[in-house]
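Biologist: Could you take a close look at one spot in this model for me? I'd like to know what surrounds it, and how it fits into the rest of the fold.

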Amino acid sequence: MRKKILLADARYASLLERYWGSEYTILKSVKCAELPEPVSYHPDMVLFPLGHHSFLCAPNVYSAYQSLLAPYGVKLVQGKTFLSGNYPKDIAYNIASVGTFLFGSKKNADPKILKPLIR
């Protein structure tokens with residue numbers, strides 16, 4: 001049976017490998033140099049789940065994540081919003097999706113996240 005994938009902040013991936021490596025394939029996140037250092041490796045800042053093994057990805061790190069995730073059957077769609085600096089220029093993909101609800105800033109969300117919702 002194939003292990004589930006856990007995409008972790010690269011700075012902590014070895015710790016997670018020790019504890020969960022038998023259950024998960026631990027992948028190290030990619031640094032987004034345009035984000036502040038504390039969140040520069042956070043996958044939730046650059047990826048938004050679209051469902052069915054697909055994610056919307058910030059253009060800043062699209063190529064790197066494409067190389068990392070493609071071997072695992074993950075499909076990436078390149079977003080339109082380049083991330084930069086501090087709030088609110090760093091939150092375009094940091095939107096929580098829970099059931100049929102989205103939690104985040106509509107004003108600052110990447111337009112590809114909202115497109116299916118606009119009728």
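Modeller: Let me start with the whole chain and then zoom in. Going along the sequence, the protein runs β-α-β-α-β-β-α-β-β-β-α, and that adds up to four helices and seven strands (DSSP runs numbered from the N terminus, H or I over at least four residues for a helix, E over at least two for a strand). Bear in mind that this is a predicted model, where local features need pLDDT of at least 70 and side-chain atom pairs pLDDT 80 or more, while totals for chains, interfaces and linings take in all residues. Numbering runs from 1 along each chain as its sequence is written, and side-chain values use heavy atoms, leaving out hydrogens and water.

The spot I'd pick is Leu50, which sits in strand E3, residues 47-51. Its relative accessible area is 40%, so Leu50 counts as partly exposed (under 20% is buried, over 50% is exposed and partly exposed is in between, with a 1.4 Å probe and protein chains only). Setting aside neighbours within four places in sequence, Leu50 touches Phe55, Leu56 and Val77 (a contact means heavy atoms within 4.5 Å). Ser84 is another matter: 34 residues separate it from Leu50 in sequence, and their C-alpha atoms are 22 Å apart in space.

What about the cysteines, Cys32 and Cys57? Cys32 is buried, at 0% relative accessibility, and Cys57 is buried too, also at 0%. Searching the whole structure turns up zero disulfides (that would take two cysteine sulfur atoms within 2.5 Å). Cys32 is in none, and its nearest cysteine sulfur, on Cys57, lies 8.9 Å away. Seen from the other side, Cys57 is in no disulfide either, with the sulfur of Cys32 as its nearest, 8.9 Å off.

Back to the big picture. Of the 119 residues, 34% are buried. The C-alpha trace spans about 45 × 30 × 25 Å along its principal axes. Among contacts between residues at least 6 apart in sequence, 37% join residues at least 24 apart. The protein exposes about 7,700 Å², and carbon and sulfur atoms supply 58% of that (areas by the Shrake-Rupley method, 1.4 Å probe, with only the protein chains shown as cover for residues).
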